[in-house]
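The following questions and answers concern the arrangement of helices, strands and chains in one structure. Please consult the sequence and the model while reading.

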2 protein chains.
Amino acid sequence: MTKMEHTHISLAHGNGGHYMRELISKIFATYLANPLLDTESDASCLPAIDGEIMMTTDGFTVQPLEFPGGNIGSLAIHGTVNDLAVAGAKPLYLTLNAFIEEGMEIAQLERIIKSMSEAAREAEVKIVAGDTKVVPKGQGSGLYLATTGIGLKHQQCRLSMQHIKLGDQIIVSGPVGDHGTAVMLAREQFGMRGDLQSDAASVLPLTEAILSVPGLRFMRDPTRGGLASVIYEIHQATGLGILLQQDHIPIHDSVNTVCEMLGFDPLYLACEGRVVAVVAKDDAETVLHKWQQLPNGKEASIIGEMTQENYVAVQTPLGGERLLEELEDEPLPRIC
Amino acid sequence: MTKMEHTHISLAHGNGGHYMRELISKIFATYLANPLLDTESDASCLPAIDGEIMMTTDGFTVQPLEFPGGNIGSLAIHGTVNDLAVAGAKPLYLTLNAFIEEGMEIAQLERIIKSMSEAAREAEVKIVAGDTKVVPKGQGSGLYLATTGIGLKHQQCRLSMQHIKLGDQIIVSGPVGDHGTAVMLAREQFGMRGDLQSDAASVLPLTEAILSVPGLRFMRDPTRGGLASVIYEIHQATGLGILLQQDHIPIHDSVNTVCEMLGFDPLYLACEGRVVAVVAKDDAETVLHKWQQLPNGKEASIIGEMTQENYVAVQTPLGGERLLEELEDEPLPRIC
């Protein structure tokens, strides 16, 4: 671990002076170093990008900061990488904002930044600029992060909800609700424990595997609001109905068990490493096959299709239908 | 003002569902709308940028959220525009992260986002993507913002502290310490009032006016840590000394008065609309003249020069010298 003058963050670590310089050089620059990150400049200079640029941003407030399968740092990298990936872009450069609460343990901050570094390396993105602010004790909750990313749009790729047609198939790349459930179990307030891991991961291998499929209409990673919210958004944007097959939606047994005990619907719980794709009927098996060959796509499944109804429903194994409503109240706050 | 279903922010405004969609469409999208901002996509698609790209990011935690001369919203636009401007780039596209505290008054949020919109229009930048998170009451302080920007580097421009030479002149574009002092006076805790306004503004007109001056070596906007911290950073990076002339440093009388009463040194207080430029001796008058013709440069002044000493000092009008030390403790937290 890095030797800093203090063990915990103080307001002086955010004041633009000596201690801030120490924090940035010994923690942030140590782990996130790359030739484009210049912690002494106001802005970083990037090589020219030949093509259309995609840009996205995301904030992270997950509690607890560390959970089985990840922490807020790796999550902040995956989240922004995934937003670019599902938009059909190759993520290139990220920036990082950290709002650190006075009193945070520096060793924990270091673990989190180290995870960011590993996640960035895995997704082949560089962190090119950053900013840290320290907020007074009691006006944060350890650490909030924001990451912003730019990527190069794949030329062949014209994804949009507007391309979705009647009969198109809905495919999900893996079990839903793992992240939300794992984070919830990591909160001591529930008095429950489990060995479930968050699914938090880069979805780049999944998206790149299917970008060339001609019938691919649209992709999204279901995070806040879960699978149900993505499905509902597609319904709102297209005006078409959606019918999901309940027994085709992959859900881990442990997720179902926890949700039954606590009264949550796993379809509304966040994932952080899954993709929902809408694909023309003729190409659905192709996408499914490509995904099932990947480590994070083994449990991919065709879960439903676009209908001409004006509602979203889930068909139960017995043939009944239940309506899927838009999320109103917060089932599980602070999971991303 | 916009009609929302609630007057104050609740956790449900951050959950990915109905209320979040209402908040984004009625506040954020209403004021920040432009053809590139697609609040229904994971990432926005930008036109190709022909040339080198500069990228920067900044976080904002100022208290109070609104102060004479600006608010956290306009500050968040100016801050990132200014980081690109002093790096010699034309700012093009910004993203926005908002960490909103449960219980924030929606009317105040609306005023702040409206100010952002005006500041963005003035600097001719577009907000192309955004993200909002709601944190529980008592784990924020109303609103934290982060903005990330990309800009096009001016071809002629190769600014760096490494180009600074012995004898180069230090020029500041206007009075220092206004922002820090105005924010401080806006805090009721000090029991003082004044008509001083923050200097928060885009510095783009100032930087663009002098980019073509051949002897321009380096620019920076003195924010956290004030003029003194910029001067100290230049000293650290170049290994050269700096001698400032105290009576050449423009400081408003009201700033001096407040600082004397409270024991602050105005050289360490934040500005949010000033530029410090380091310029070859032969070109210093040219820069000064160009700045003095601009509305925000009327009080520009040559305040010192690079020396061969190994320290930073301020010469008093009587000829004495006092050392300028690196900031250690926080004189005035939460001013940006």
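Q: At what angle do helix H1 (residues 18-32) of chain A and helix H3 (residues 106-123) of chain A pack?
A: This is a predicted model, in which local features need pLDDT of at least 70, side-chain atom pairs count only at pLDDT 80 or more, and totals for chains, interfaces and linings use all residues. Residues are numbered from 1 along each chain as its sequence is written, chains are lettered from A and ligands numbered from 1 in the order in which they are written, and side-chain values use heavy atoms, without hydrogens and water. Helices (H or I, at least four residues) and strands (E, at least two) are DSSP runs numbered from the N terminus, and axes are lines fitted to C-alpha atoms, for helices over the stretch in contact, with angles from 0 to 180 degrees between N-to-C directions. The axes of H1(A) and H3(A) lie 8 Å apart, and the angle is about 25°.

Q: Why is H1(A) described as roughly parallel to H3(A), and what is the hand of their crossing?
A: The angle of about 25° makes H1(A) roughly parallel to H3(A), because angles under 35 degrees count as roughly parallel, over 145 as roughly antiparallel, 65 to 115 as roughly perpendicular and the rest as oblique. A crossing is left-handed if the near helix is turned anticlockwise from the far one by less than a right angle, and right-handed if clockwise. The crossing of H1(A) and H3(A) is right-handed.

Q: How do the residues of the contact of H1(A) with H3(A) divide by class?
A: The contact (heavy atoms within 4.5 Å) includes A:Leu23, A:Ile27 and A:Phe28 of H1(A) and A:Ile106, A:Leu109 and A:Glu110 of H3(A). Ala, Val, Leu, Ile, Met, Phe, Trp, Tyr, Cys and Pro count as nonpolar, Asp, Glu, Lys and Arg as charged, and the others, Gly among them, as polar. The division is nine nonpolar, one polar and two charged.

Q: How far apart are the axes of helix H2 (residues 72-86) of chain A and H3(A)?
A: H2(A) passes H3(A) in a right-handed crossing. The two helices pack at an angle of about 30°, and their axes are 6 Å apart.

Q: Which strands stand at the edges of the sheet E1(A)-E2(B)-E7(B)-E5(B)-E6(B)?
A: This open sheet of five strands has mixed pairing, where two strands pair if DSSP finds at least two bridges between them. Each edge strand has a single partner strand, so one side of each is left without a neighbour in the sheet. They are strand E1 (44-46) of chain A and strand E6 (126-135) of chain B.

Q: Which residue is the bridge partner of B:Phe99 in E6(B)?
A: Strand E5 (residues 89-101) of chain B and E6(B) pair in the parallel sense over nine bridges. The partner of B:Phe99 in E6(B) is B:Lys133.

Q: What angle does helix H1 (residues 18-32) of chain B make with E5(B)?
A: H1(B) lies across E5 and E6 of chain B. Its direction relative to E5(B) is about 150°.

Q: What symmetry relation links chain B to chain A?
A: Copies are superposed by least squares on the C-alpha atoms of residues with pLDDT of at least 70 in both. A rotation of 180° with 0.0 Å of shift along its axis places chain B on chain A, with RMSD 0.0 Å. That is the relation of a two-fold axis.
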